[in-house]
Amino acid sequence: MHQNRRTTTGLKTDAILRGKLFDTAGNRMTPTHSRKPDGRRYRFYVSLAHIKGLSKHNIEVPRISAGSIEQLVTDALSQQPGAPTMSDVQRITVGRSRVRIELTPNGAQSSPIDLPICLGRRGNNVEIRHVGSSGDSSAASPDRALLKALIRAYRWRAELESGACKSIAQIAT
């Protein structure tokens with residue numbers, strides 16, 4: 001009996017860092033994704049050592065949001081003299097506190113680009129925030145979930161103080 005199989009050969013991928021991204025232990029990070037029941041697709045890069053169950057061996061970042069790391073790298077490249085492109089990138093290493101972009105020797109800049117970062121968790125996802133020269137994480141992109149939670153908290157406090165709600169239990173219903 002012959003089974004029909006769908007092959008992924010020749011399919012376009014939106015993983016622009018495929019083959020160039022590594023963890024600090026030197027393990028390649030491969031693109032993957034998960035799909036929620038409502039159709040939303042979340043893209044990640046996952047360390048091959050983590051996939052193979054070797055994640056206890058010096059892996060600082062076992063999994064990272066694809067959109068976050070791709071945006072960080074493309075922004076960093078666009079700010080470099082000579083405007084190197086992704087084809088000039090030889091290797092990208094993701095660590096707990098920095099991302100290192102190594103360019104090919106014939107690229108516009110041959111010395112590595114070190115980007116200080118701050119990693120944060122949201123659920124099972126690890127997100128990146130670039131840390132500027134002042135040491136502050138990027139204030140240009142506020143945490144929308146945190147802002148939403150703060151707005152609700154202030155509204156609930158006002159309802160309790162004004163007497164519109166008699167208790168926290170009433171707010172919860």
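**The three-stranded sheet**

Start by selecting strands S2, S3 and S4 in this predicted model. They form an open sheet with the order S2-S3-S4, and the pairing is antiparallel. Strands of a sheet pair through backbone hydrogen bonds, either parallel or antiparallel. Colour S2 (29-35) and S4 (63-65) next: these are the edge strands, each of which pairs on one side only. Look along the sheet and compare the strand directions. Ignoring direction, neighbouring strands are turned by 35° against each other on average.

**S2 with S3**

Now hide S4 and keep S2 and S3. How many bridges join S2 to S3? There are 7 bridges, and the two strands run antiparallel. Select Met29 and Ser47: Ser47, in S3, is the bridge partner of Met29. Then select Ser34, whose bridge partner in S3 is Tyr42. Follow the backbone from S2 into S3. The two strands form a hairpin with 5 residues between them. Stop at Gly39 in the turn, which has a positive phi of about 100°.

**S3 with S4**

Bring S4 back and select S3 (residues 41-47) beside it. These strands pair in the antiparallel sense over 3 bridges. Two residue pairs can be picked out here. Tyr45 has Ile64 of S4 as its bridge partner, and Val46 has Arg63 of S4.

**Helix H2 on the sheet**

Add helix H2 to the view. H2 packs on the sheet and touches S3 and S4; its direction makes about 75° with that of S3. Put a distance label between the end C-alpha atoms of H2. The label should read 18 Å, which agrees with the span expected for 13 residues at 1.5 Å a residue.

Which residues of H2 are buried? Select Ala66, Ile69, Glu70, Leu72, Val73, Ala76 and Leu77. Turn the view to look down the helix axis. The buried residues cover an arc of only 160° around the axis, which puts them on the same side of H2. An α-helix has 3.6 residues a turn, so residues three or four places apart point the same way.

**The nonpolar core**

Stay with Ile69 and show its surroundings. Apart from neighbours within four places in sequence, Ile69 is in contact with Leu17, Leu21, Tyr45, Ile64, Val94, Val99 and Ile128. Tyr45 and Ile64 were selected earlier as bridge partners.

Next, select Tyr45, Ile69 and Ile101 together. Of the 24 residues in the largest nonpolar core, these three touch the most other members. Several elements give two or more residues to this core: helix H2 (66-78), strand S5 (89-94), strand S6 (98-103) and strand S7 (113-122). Which of them gives the most? H2 does, with 6 residues.

**The whole chain**

Finally, show everything as a cartoon. The chain has 4 helices and 8 strands. Trace it from one end to the other along the sequence, and the pattern is β-β-β-α-β-α-β-β-β-β-α-α. Colour the chain by burial: buried residues make up 27% of the 173 residues. Among contacts between residues at least 6 apart in sequence, 39% join residues at least 24 apart.

Key:
Residues are numbered from 1 along each chain as its sequence is written. This is a predicted model: local features need pLDDT of at least 70, side-chain atom pairs count only at pLDDT 80 or more; totals for chains, interfaces and linings use all residues. Side-chain values use heavy atoms; hydrogens and water are left out. A nonpolar core is a set of buried Ala, Val, Leu, Ile, Met, Phe, Trp, Tyr and Cys residues joined through side-chain atoms within 4.5 Å. Buried means under 20% relative accessible area, exposed over 50%, partly exposed in between (1.4 Å probe, protein chains only). Contact means heavy atoms within 4.5 Å. The expected span of a helix is 1.5 Å times one less than its number of residues. The arc is that of the directions from the helix axis to the C-beta atoms. Two strands pair if DSSP finds at least two bridges between them. Axes are lines fitted to C-alpha atoms, for helices over the stretch in contact, and angles run from 0 to 180 degrees between N-to-C directions.
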